[in-house]
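Morning, everyone. Let me put the structure up, and then I'll walk through it.

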Amino acid sequence: MLDKHFCADTNILTSKEMVNNSPTRGSVMLLNLVLLLLSRKIGLVDGHKATATSISNHNYPVEEHTVITYDDYILTIYRIPSSPNRSHLNRAGRRAVVFLQHGILSASDDWIINGPESSLAYMLADAGYDVWLGNARGNTYSRQHKHIHPDSSDFWRFSWHEIGVYDLAAMLDYALAKSQSSSLHFVAHSQGTTAFFVLMSSLPLYNEKLRSVHLLAPIAYMRYHSFILSKLGGIFLGTPSFLSWVLSSMELLPITNLQKLICEHICASSSMFNFLCSGLMDFIGGWGTRHLNQTLLPDVCATHPAGASSSQVIHYLQLYRSGDFRQYDHGRELNEIIYQQPTPPSYNVQYIKSCVDMYYSENDYMSAVGDVKYLASLLPCAQLYRIPFGDWNHYDFLWSNNVKEVINNKIIQKIRKYDEDGVGF
């Protein structure tokens with residue numbers, strides 16, 4: 001169990017030190033923020049271990065593991081091997097394994113921010129499972145490579161294709177080996193589902209390592225995608241061009257000291273500006289949700305966005321523009337060299353033999369209903385579950401007030417059903 005604590009600098013003015021008059025208070029807050037920005041170095045946050053700290057603070061055991069990918073990226077993943085509230089082993093004397101994979105610009109923090117009562121990671125641990133939390137290359141926990149420094153553009157020359165075939169493959173293999181298991185349950189959100197489709201269609205043998213699959217807000221085809229920035233970005237970056245080449249392979253939105261200051265002053269529950277934080281999540285994930293747990297906004301802001309490569313976003317824009325689920329489009333000349341054909345090859349989702357449970361909603365700007373249903377029609381085995389709320393958005397799958405009742409309990413019930421026979425661990 002980790003006993004290190006990674007604490008942020010909290011030497012700032014608190015709301016109690018502000019005057020009570022609202023306009024004056026707002027001006028003082030903004031002035032205070034400007035002064036802090038001028039007095040502090042605005043750089044990347046180093047060693048931000050919020051996942052380990054949070055799990056440990058809730059008295060759950062936590063292990064930090066290092067995974068090396070085939071192409072030498074160094075990933076940090078976390079494990080909750082048991083629960084302080086329950087001890088449950090399968091017939092072989094081991095806990096069944098569940099692996100959780102985050103979405104784009106996110107990290108392992110996604111699965112624990114809601115706390116022990118409602119977060120899926122803690123709930124699974126309490127249900128008797130060996131829980132693993134993945135981290136893809138380029139995010140806060142995985143900004144390392146054996147030979148390339150993250151300041152180099154070479155470090156960021158990847159998309160979610162590499163996250164699927166290299167990162168996800170390496171993390172699943174590592175978790176299975178460490179837990180001495182032959183198969184596991186898999187849960188993912190957003191880009192984590194894309195990585196799943198990439199891996200299982202590119203390396204079909206990995207289907208044999210899965211017991212059950214639960215995909216929240218799945219993304220593969222983007223024909224009905226409705227996010228306004230995707231429509232605009234698709235015009236300029238959805239096909240190979242000089243602009244897309246210039247903007248590719250760049251670090252995108254890492255956690256910085258500036259972001260931490262904004263979180264402390266803007267997203268705090270006591271701030272008169274905290275509506276900006278919830279408004280941003282509504283803009284990206286879907287307007288009008290009544291389910292988001294507003295008290296989580298400071299924690300969400302402190303850990304998100306967690307960094308990515310600009311090529312990940314460009315790859316999604318290419319899917320939107322082409323209407324196909326296919327590999328990265330480098331342009332005709334490079335495609336001929338890399339793929340031996342002028343256009344990128346499509347992913348053969350028909351190779352995915354695992355039975356997939358997909359959870360979707362009507363108000364999700366990232367994962368459109370039409371795209372989810374079309375994808376399900378191509379898969380050999382898929383079960384769809386529509387969230388019974390018309391305002392449920394992309395982030396409610398993780399951080400809603402009622403995520404425990406709407407999604408998490410259902411996932412755990414299904415996992416238990418798969419494990420009833422106790423075979424194949």
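I'll take the pocket, then the cavities, then the backbone, then the surface.

This is a predicted model: local features need pLDDT of at least 70, side-chain atom pairs count only at pLDDT 80 or more, and totals for chains, interfaces and linings use all residues. Residues are numbered from 1 along each chain as its sequence is written, and side-chain values use heavy atoms, with hydrogens and water left out.

Pocket first. The largest one has a volume of about 1,400 Å³. A pocket here is an open set of points on a 1 Å grid over the protein atoms alone, with protein on both sides within 12 Å along at least five of seven lines; lining residues have an atom within 4 Å of a point. Grid points are joined across faces, edges and corners, and volume is the space filled by probe spheres set on them.

In the largest pocket, 45 residues form the lining, and Leu105, Leu253, Ile284, Pro305 and Tyr395 lie nearest the centre. Two or more lining residues come from each of α6, α8 (257–266), α9 (275–285), α10 (297–303) and α11 (310–322). Helices are DSSP runs of H or I, at least four residues; strands are runs of E, at least two; both are numbered from the N terminus. α9 gives the most to this lining, with 6 residues. By class, the lining has 33 nonpolar, 12 polar and no charged residues. Nonpolar means Ala, Val, Leu, Ile, Met, Phe, Trp, Tyr, Cys and Pro; charged means Asp, Glu, Lys and Arg; the others, Gly among them, are polar.

Now the cavities. How many of 30 Å³ or more does a search of the whole structure find? It finds 2. A cavity is a set of grid points where a 1.4 Å probe fits but cannot get out. The largest has a volume of about 60 Å³. Its lining includes Asp110, Trp111, Phe397 and Asn408. α14 (396–399) and α15 (403–418) each give two or more residues to that lining. The split is 5 nonpolar, 4 polar and 1 charged.

The second largest cavity holds about 50 Å³. Of its 13 lining residues, His102, Ala136, Arg137, Gly307 and Gln312 lie nearest the centre. Here the classes are 5 nonpolar, 7 polar and 1 charged.

On to the backbone. Most residues other than glycine have a negative phi, and most peptide bonds are trans. Back to Pro305: a cis peptide bond joins His304 to it, with omega about -5°. Pro305 sits in the loop between α10 and β9 (308–309). Leu105 has a positive phi, near 60°, and lies in the loop between β3 (97–101) and α3 (120–126). Asp72 also has a positive phi, about 75°. Asp72 is in the loop between β1 (63–68) and β2 (73–80).

Last, the surface. A nonpolar patch there, with Leu229, Phe236, Trp245 and Met250 among its residues, has about 1,100 Å² of accessible area together. α6 (228–237) and α7 (242–247) each supply at least two patch residues. Is Leu229, in helix α6, buried or exposed? Neither: Leu229 counts as partly exposed because its relative accessible area is 44%, between the cut-offs of under 20% for buried and over 50% for exposed. Ile314, in helix α11, counts as buried because its relative accessibility is 2%.

Note on methods:
Patch = residues over 30% accessible without salt bridge, like charges linked within 9 Å, V, L, I, M, F, W, Y side chains within 5 Å. Areas by Shrake-Rupley, 256 points an atom, 1.4 Å probe, with all protein chains shown as cover. Salt bridge = Lys/Arg side-chain N within 4 Å of Asp/Glu carboxyl O. Buried < 20%, exposed > 50% of the residue type's maximum accessible area, 1.4 Å probe, protein only.
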